[in-house]
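Thanks, everyone. I have one structure to walk through today. Let me put it up.

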Amino acid sequence: MNNKNYYDVTKWPVGNPYKDIGEVINSIVADIKSRQTDTNVNEGGKPGAVIYLPPADYHLTTQVVIDISYLKIVGSGHGFTSSSIRYNVPENEWSKLHELWPGGSRILVDISPTANAAESAGAAFYVERSGDPRISSVEFANFCIDGLHFVDDGSGELNPENTYTNGKTGIYVASAQDSFKITDMGFVYLEHGMTIYHADALTIHNNFIAECGNCIELRGWGQASKVTDNLIGAGFKGYSIFAQNFGQLLITANNIFPRGASSIYCDGVTRSLISNNILHAFYPGMVVFSKGCSENLISSNHFLHDREPWTPMQEHNNGLDDSYGLLWINGNHNSVIGNHFSEIMDKQYLTPAGVTPVIIRVVAGNENYISNNNIVATEIHAEGSDSCFASQVDALLTTEESKPLNVITVLVESQSHRNTILDSGSDAQVVMDKTANAFRATPTLS
Amino acid sequence: MNNKNYYDVTKWPVGNPYKDIGEVINSIVADIKSRQTDTNVNEGGKPGAVIYLPPADYHLTTQVVIDISYLKIVGSGHGFTSSSIRYNVPENEWSKLHELWPGGSRILVDISPTANAAESAGAAFYVERSGDPRISSVEFANFCIDGLHFVDDGSGELNPENTYTNGKTGIYVASAQDSFKITDMGFVYLEHGMTIYHADALTIHNNFIAECGNCIELRGWGQASKVTDNLIGAGFKGYSIFAQNFGQLLITANNIFPRGASSIYCDGVTRSLISNNILHAFYPGMVVFSKGCSENLISSNHFLHDREPWTPMQEHNNGLDDSYGLLWINGNHNSVIGNHFSEIMDKQYLTPAGVTPVIIRVVAGNENYISNNNIVATEIHAEGSDSCFASQVDALLTTEESKPLNVITVLVESQSHRNTILDSGSDAQVVMDKTANAFRATPTLS
Amino acid sequence: MNNKNYYDVTKWPVGNPYKDIGEVINSIVADIKSRQTDTNVNEGGKPGAVIYLPPADYHLTTQVVIDISYLKIVGSGHGFTSSSIRYNVPENEWSKLHELWPGGSRILVDISPTANAAESAGAAFYVERSGDPRISSVEFANFCIDGLHFVDDGSGELNPENTYTNGKTGIYVASAQDSFKITDMGFVYLEHGMTIYHADALTIHNNFIAECGNCIELRGWGQASKVTDNLIGAGFKGYSIFAQNFGQLLITANNIFPRGASSIYCDGVTRSLISNNILHAFYPGMVVFSKGCSENLISSNHFLHDREPWTPMQEHNNGLDDSYGLLWINGNHNSVIGNHFSEIMDKQYLTPAGVTPVIIRVVAGNENYISNNNIVATEIHAEGSDSCFASQVDALLTTEESKPLNVITVLVESQSHRNTILDSGSDAQVVMDKTANAFRATPTLS
């Protein structure tokens with residue numbers, strides 16, 4: 001054991017970190033493994049190491065492969081800037097811009113996987129270890145992973161930089177793992193920000209993850225983890241947060257902005273808590289509970305659905321009708337308590353024409369408890385904008401000009417029984433079989 | 001591009017960081033700009049830099065001016081200690097004290113702006129950049145900004161160190177910006193902790209901001225930001241948190257202690273979420289929604305209003321009567337759900353004498369939804385104290401000795417209609433036109 | 001004043017950090033004190049210092065004693081791994097394991113206090129300073145404190161590594177203190193993770209504190225602090241979070257997993273907020289309000305009680321019957337609003353046999369407000385498991401196979417009056433004197 005467990009990538013003798021940070025980090029990991037071979041000598045042995053990336057542009061052409069516990073990779077700057085705005089500025093105006101690219105301690109992901117490659121082939125950081133124990137306590141902190149470009153995906157999108165397709169992933173964890181931390185990072189222009197299989201006691205905290213096809217994907221199964229205090233916003237095709245077969249997942253204090261086909265998409269998630277988030281979306285299906293999500297609590301969230309104001313993105317949506325619901329539930333025994341929903345739409349853009357929008361929809365499942373949610377629905381006249389930053393000004397204006405929009409606050413489908421709907425809409429606004437589900441209307445003026 | 005993007009202020013050849021850290025940092029910023037001139041060479045160019053301040057006392061006589069993205073300024077210690085307590089200890093006892101000043105990586109703000117100077121002249125850190133894109137991803141982390149002294153402001157305050165006036169600001173961001181982070185900092189004895197105009201995707205997280213005239217001011221307009229997990233407490237004159245024309249602002253998990261004319265003052269804020277905070281104040285007007293704040297959710301907060309226990313500060317208040325309301329709402333379509341309010345007052349100090357205190361007051365606005373708030377009102381006998389730390393002991397004692405205090409739990413003014421008040425007080429405690437607003441009394445004993 | 005306030009323990013000339021980090025840090029603290037003697041010279045004097053621990057195994061045989069403000073001790077890796085799982089793997093399989101011990105910047109606590117020693121004798125870090133001002137702004141960040149072993153405590157536990165007894169404490173703060181921060185740390189295999197007396201404005205944030213007898217103990221009294229965004233799980237004997245005589249304590253956004261005799265145990269806590277936590281436990285008494293906890297808000301939490309699935313731990317419990325309540329309240333004027341409770345039990349394991357489990361129990365106290373809590377109670381058939389990770393898979397299976405379990409959702413004991421219970425169970429499920437307490441049943445099917 002020596003004291004050489006601090007590595008600065010700019011001082012490592014193997015490789016050139018500016019040309020291929022992947023080669024450098026892999027060489028460092030090999031060095032750690034060659035040095036830390038003892039186990040259980042005097043109750044110690046493999047403490048791992050920290051790898052430091054000072055602010056700089058680091059191209060990555062070789063995938064980093066991590067198979068040791070206790071590795072921390074840390075920079076000094078999450079470095080986010082909007083590439084999406086820049087790519088939608090005419091190129092002849094770029095010379096007027098102060099800077100064109102994200103910054104900080106920035107990884108430029110130059111991997112371009114072939115079309116038939118495994119999804120993980122496009123990952124900048126790939127983590128996998130078989131055997132026991134599960135790989136533990138790898139930490140990523142305060143650097144930027146930049147996918148650089150999206151590409152023509154044959155979808156007919158005029159600007160290939162708007163496709164959210166490039167086959168790249170920031171961090172890909174393939175095997176079961178314990179006590180990982182991903183904090184203070186920036187992720188931008190990746191098809192997948194992070195894809196993590198089989199997480200236990202994972203922390204994803206205070207990151208900036210935006211302009212990615214999907215931002216956070218928790219796949220396979222997982223337990224006892226938290227996604228907290230992040231700024232997140234996926235592209236129109238993917239999910240800001242996706243979770244699969246997870247128990248005890250805490251999603252709280254996030255500010256999730258558009259676009260995102262869904263802000264939060266849960267698939268077989270149980271006994272989890274989604275609370276206290278700001279959720280802003282341009283499409284229905286903001287939060288989806290698919291394939292039997294049960295015994296979850298959705299509480300104290302602010303949902304806002306309004307129309308895409310930015311002209312370059314107005315051609316896109318997630319294909320869902322306004323009858324789909326902002327919150328879509330397939331599952332039993334969930335609690336939906338004390339949320340605020342704002343549905344702010346121009347009638348001419350409702351899909352299909354003439355539809356009555358649905359806010360909370362129980363498509364299947366029994367004994368859900370939906371209580372004390374306040375649904376505000378307002379009709380406004382919305383125009384496109386050259387600025388993706390116009391929504392706030394619009395919001396201020398339209399509050400004055402608004403008039404009520406007729407919505408179904410809660411729709412319980414006929415195959416769902418014994419649900420309880422309290423103080424979440426009037427008798428007319430809550431549509432269900434009121435002999436098969438319990439109901440108390442929000443009091444109205446007498 | 002070289003690897004020189006890490007700067008230690010104690011090792012920089014220009015200036016003396018202990019005498020004027022401002023000159024040193026400005027010289028470093030100039031160096032960064034002179035080196036990082038290339039744009040778009042191999043998809044890179046301007047990564048920015050990190051400037052490190054080891055723990056030390058750094059006087060600042062020259063304002064730091066930041067006009068580059070991706071600059072991170074980081075110390076190793078937020079360094080807060082209470083200067084207010086010390087300034088109210090007799091000076092002849094100071095020699096017995098272990099230390100007199102805050103510490104850590106500490107900036108001593110020696111700027112003294114003239115009375116007619118622009119407000120920004122008193123800022124230690126001044127951030128502004130015109131043109132496009134907006135300046136992005138500047139990060140301030142884990143150092144202390146100490147304004148040192150308050151001054152006689154002609155208010156008649158006997159101890160000038162208790163005025164909360166000195167014209168100094170910690171961080172002043174004048175132009176629109178994106179993805180800034182202010183984390184793990186300490187702010188003390190500044191008239192304005194931070195003043196930030198036109199924020200987008202701002203993070204203010206895990207800071208200690210106390211004994212400042214105002215702590216956090218988000219001005220102009222802004223969107224999609226978060227103020228989370230901070231310890232905050234302004235002086236009696238200003239705001240712990242002030243926000244203006246903001247959308248999608250998340251204020252959560254903060255512990256906001258007295259004094260503060262308001263804990264949270266919102267002016268034209270829409271579609272935002274104030275949840276899950278501890279709010280403790282000595283005056284009414286704890287949370288104010290001014291100038292048409294709409295479609296916000298206030299949920300799961302703990303409000304405590306009791307009397308100032310500390311003798312040196314008992315002469316101060318914010319001038320509001322106890323009929324003003326702890327939560328004051330001017331706006332439409334807000335949701336106030338599931339909050340706890342404790343009003344703990346000695347009847348002899350109620351203002352004006354004999355007034356019935358108001359807890360939630362809708363002064364103007366329609367269709368607010370106020371549901372399931374529990375209001376506890378208790379009359380106690382309160383004395384002044386030599387210790388600003390006595391409130392907890394008092395609290396424990398008074399729980400035993402308390403008796404109920406008569407309050408109006410919800411007051412809806414006559415110009416406000418179609419509000420819904422549920423389970424937030426008895427018929428007698430909720431005062432409004434019950435033909436113009438919907439109401440359900442909290443059930444009482446039959 | 002010089003610029004020598006940054007210390008790397010591996011470069012300090014006194015002592016050997018790998019053999020006794022305590023000697024090294026104490027020598028550094030002495031150096032700081034010898035150098036920082038001036039007070040109030042040019043408004044500065046004692047900024048403190050940062051002590052850096054690169055990733056490595058650091059044995060500690062000498063207790064670290066801290067009596068200066070503004071000291072930051074920081075590593076590069078919280079280093080948690082499960083020692084409990086490993087100690088329950090047959091020893092002849094250890095050679096197949098990738099690693100045996102926690103890692104990162106890891107303190108190995110080699111102190112073994114004698115049986116009659118003061119509790120603080122077993123602390124790795126001991127903080128105490130008398131006089132004024134209170135010691136301020138000590139920060140612990142991103143290293144691991146590992147107690148290494150539990151020991152035979154005469155309890156008859158077959159495997160001494162499962163006793164959660166060793167007399168060791170990670171951080172022990174004996175005297176009143178202000179503005180401390182404990183962040184991004186790992187604590188493992190300590191009888192007490194951290195014990196902190198008389199806290200003011202304390203931050204315990206984003207730590208990993210597990211497999212400790214008790215995790216967080218806030219003793220004596222305290223105010224205006226926060227325990228946020230931690231992953232926590234005590235052993236079967238102790239508390240994940242314990243708080244005593246505290247006011248304005250914010251416990252939010254934590255994911256607290258089993259075991260823990262209680263997830264959160266409060267003793268004389270007032271005007272505090274417990275919200276937004278995931279609480280998972282194997283025993284009743286998950287949250288206890290003892291000795292008159294008053295005016296607190298418990299909101300938006302997810303409670304899950306199910307049976308211990310892991311065979312080596314199934315012999316243990318906290319000795320409480322299933323009639324005890326998952327939430328046990330002795331106190332007045334508390335608010336319990338909008339929580340979800342899942343009680344998932346196999347009838348054969350209910351204790352005593354045939355008991356009807358209680359979810360929320362007001363054992364003593366008046367004027368509590370219990371509203372809009374959803375209680376889900378399900379009977380399943382549970383088996384032991386060789387894997388401590390099986391609970392999630394079980395959860396998924398059992399949702400399908402479940403049938404309702406009869407429970408008392410709210411029990412108010414006869415000495416408790418003027419409580420209000422709303423929408424938290426049917427008339428049959430809420431057991432109390434309904435002439436002495438206000439009640440509205442959750443609506444059921446007509």
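What percentage of the 446 residues in chain A is buried? Buried residues make up 71% of them. Buried here stands for under 20% relative accessible area. Keep in mind that this is a predicted model.

Let's stay with chain A. Its accessible surface is about 12900 Å². Carbon and sulfur atoms hold 50% of that surface. Now the dimensions. Along the principal axes, the C-alpha atoms fill a box of roughly 80 × 60 × 35 Å. What about the radius of gyration? For chain A the value is 24 Å. A compact globule with 446 residues would have one near 22 Å, so the two agree.

Next, the contacts inside the chain. Take those with a separation of 6 or more in chain A. Of these, 64% are between residues 24 or more positions apart.

On to secondary structure. How many helices and strands does chain A have? We count 3 helices and 39 strands.

There is also a record to mention. UniProt, in an unreviewed entry, places a domain feature at residues 161–318 of chain A. The feature is named "Periplasmic copper-binding protein NosD beta helix". In the model, that span is 56% strand and 0% helix. Its end C-alpha atoms lie 18 Å apart.

Now a sheet, and for this one we move to chain C. Here 12 strands form an open sheet with mixed pairing. The order in chain C is β3-β6-β10-β14-β17-β19-β22-β25-β28-β31-β34-β35. Which strands stand at the edges? They are β3, residues 56–60, and β35, residues 403–404, of chain C. Each has a single partner strand, so one side of each has no neighbour in the sheet.

Look at the β3 edge. β3(C) runs parallel to β6(C), which covers residues 105–109. The two are joined by 5 bridges. One pair to find on screen: Tyr58(C) has Ile107(C) in β6(C) as its bridge partner.

Last, the assembly. How does chain C map onto chain A? A turn of 120° with a shift of 0.0 Å along the axis lays chain C on chain A, at an RMSD of 0.0 Å. These two copies are thus related as by a three-fold rotation axis. They use different surfaces, though: 7% of the contact residues of chain C recur in chain A.

Then chain B. Chain C superposes on chain B by a rotation of 120°, with 0.0 Å of shift along its axis and an RMSD of 0.0 Å. Again the copies use different surfaces, and 6% of the contact residues of chain C recur in chain B.

That's my tour. Over to you.

Notes:
Residues numbered from 1 in each chain as written. Chains lettered and ligands numbered in written order. Predicted model: local features only at pLDDT ≥ 70, side-chain atom pairs only at ≥ 80, totals over all residues. Heavy atoms only, no water. Least-squares fit on C-alpha atoms with pLDDT ≥ 70 in both. Contact = heavy atoms within 4.5 Å. UniProt positions renumbered as here; feature names shortened; annotations may be inferred. Helix = DSSP H or I, 4+ residues; strand = E, 2+ residues; numbered from the N terminus. Rg over C-alpha atoms; globule rule 2.2 N^0.38 Å. Buried < 20%, exposed > 50% of the residue type's maximum accessible area, 1.4 Å probe, protein only. Areas by Shrake-Rupley, 256 points an atom, 1.4 Å probe, with all protein chains shown as cover. Pairing = 2+ DSSP bridges.
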